[in-house]
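Open the model in your viewer and keep the sequence panel beside it. This tour tells you what to select at each stop and what is there.

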Amino acid sequence: MKYLNHYTIPFAGLKVGHHRFDFEVDEKFFACFKDSELSKSKIQVSALLEKQSLVMILDLKVEGIVTVPCDRCADPFDLSVEASERIYIKFGDEAMDEDEIIVLEHNEHELKIAQKIYELILLHLPSKRIHEEGKCNKKVLKDLKKFQSADSKKKSDPRWDLLKNIKFN
C-alpha cells in the first residue's frame, strides 16, 4: 500500500492557479488493489489541479493500454483505455468522498488520488471484453463448441413460435 503514496498531490503551498501532475499506472499499482483482475498496463495519468481560494478542481485524464483476460477464451490481450473526470475538492469539518465531490478536513495538506484513478480506469473498460474477430484461442473455441448443448444450437423454440402469430389491436 505504500506504493500508492506515489499517487498523491501535495497542494499545501501551491499558489492559486493551475498545476499539472503526471503519473504512470503499471502492474505495481493494480497489485495494491485486492481482487483486481488487471495486471499489466501502461497508462499515463494527467492531473490538472486548479487551486482557487475556497475550492479546488481536479481534472483527471487517463490514456493507455491495459492487459485484460478475454471473456470468451480467457487469454490475455491488450485493451485501449481513455477516460476523463472532473472532481471538486472542498474543505469541511468531516472528510467525505462522493462521486464527483471530495471534502477534506481543514488540516489536510495533500490529496490521495489512487482510488479515483483505479475507479476511473475500471469504469471505462467495456463490460464485454473479447479479442478481435479471429484472434481468440482456437483450441478453447473448439472445446467450447464441443460442450455446447444441442438446444442452444437450434434457431428457435417451436413452443414460442406460436406466440409470434398473436396480433394485438
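Is C136 buried or exposed? Select C136 to start: its relative accessibility is 6%, so it counts as buried. Keep in mind throughout that this is a predicted model.

**Stop 1: the cysteines**

Stay on C136 and add C70. The sulfur of C70 is the closest cysteine sulfur to that of C136, at 3.7 Å. A disulfide needs the two sulfur atoms within 2.5 Å. The C136 and C70 sulfurs are therefore too far apart for a bond. Searching the whole structure gives 0 disulfides. Now select C32. C32 has a relative accessible area of 17%, so C32 is buried.

**Stop 2: the sheet**

Switch to cartoon view. Find the open sheet of 6 strands. Walk across it in the order 2-3-4-5-7-6. The pairing is mixed. Strand 2 and strand 6 are the edges, and each pairs on one side only.

Next, zoom in on strand 7. On one side, strand 5 and strand 7 are parallel, with 5 bridges. Select K90 to see one position: K90 stands opposite V103 in strand 7.

Now look at strand 6, residues 96-97. Strand 6 runs antiparallel to strand 7, and 2 bridges join them. Select M96, whose bridge partner in strand 7 is V103. Then select D97, which stands opposite I102 in strand 7. Follow the chain from strand 6 to strand 7: the two form a hairpin, with 3 residues between them.

**Stop 3: a buried serine**

Which element holds S46? Select it: S46 is in strand 3. S46 has a relative accessibility of 15%, so this serine counts as buried. Show side chains and add R20. The side chains of S46 and R20 make a polar contact of 3.4 Å. Expand the selection around S46. Leaving out residues up to four places away in sequence, S46 touches R20, F21, D22, D59, L60 and K61.

**Stop 4: the nonpolar core**

Which residues touch the most other members of the largest nonpolar core? Select F29, L58, I113 and I117. The core has 41 residues. Several elements give it two or more residues. Colour them one by one:

- strand 2 (17-25) and helix 1 (27-31)
- strand 3 (41-51) and strand 4 (56-69)
- strand 5 (76-92) and strand 7 (101-105)
- helix 2 (114-123)

Centre on L58 and show its contacts. Beyond residues up to four places away in sequence, L58 touches I9, A47, L48, L49, E85, R86, I87, I89, L111 and I113. I113 is itself among the residues that touch the most other core members.

**Stop 5: the aromatic rings**

How many aromatic pairs does a search of the whole structure find? There are 8. Two of them share F29. Select F29 and F30: this pair is edge-to-face, 5.4 Å centre to centre, with 85 degrees between the planes. Both residues are buried. Swap F30 for F33. F29 and F33 form a tilted pair, 5.2 Å centre to centre, with 55 degrees between the planes. F29 and F33 are both buried too.

Widen the view to one aromatic cluster: Y3, Y7, F23, F29, F30, F33 and Y118.

Now pick F30 alone. F30 lies in helix 1. Its relative accessible area is 2%, so F30 is buried. Use the distance tool between the C-alpha atoms of F30 and Y118. They are 7.9 Å apart, although the two residues are 88 residues apart along the chain. Show the contacts of F30. Apart from residues up to four places away in sequence, F30 touches V25, S36, L38, S39, S41, V66, Y118 and I121.

**Stop 6: an open helix**

Why does helix 3 lie largely in the open? Select residues 138-147 and check the surface. Of the 10 residues of helix 3, the number buried is 0, so the helix lies largely in the open. Finish on N137. N137 caps the N-terminal end of helix 3. One of the side-chain oxygens of N137 lies 3.0 Å from the backbone nitrogen of K139.

Note on methods: Residues are numbered from 1 along each chain as its sequence is written. This is a predicted model: local features need pLDDT of at least 70, side-chain atom pairs count only at pLDDT 80 or more; totals for chains, interfaces and linings use all residues. Side-chain values use heavy atoms; hydrogens and water are left out. A nonpolar core is a set of buried Ala, Val, Leu, Ile, Met, Phe, Trp, Tyr and Cys residues joined through side-chain atoms within 4.5 Å. Buried means under 20% relative accessible area, exposed over 50%, partly exposed in between (1.4 Å probe, protein chains only). Helices (H or I, at least four residues) and strands (E, at least two) are DSSP runs, numbered from the N terminus. Contact means heavy atoms within 4.5 Å. Rings of Phe, Tyr and Trp (its six-membered ring) pair if their centres lie within 6.5 Å; planes under 30 degrees apart count as stacked, over 60 as edge-to-face and the rest as tilted. A polar contact is a pair of N or O atoms within 3.5 Å; within protein, one must be able to donate a hydrogen and the other to accept it, and residues adjacent in sequence count only if both atoms are side-chain atoms. Two strands pair if DSSP finds at least two bridges between them.
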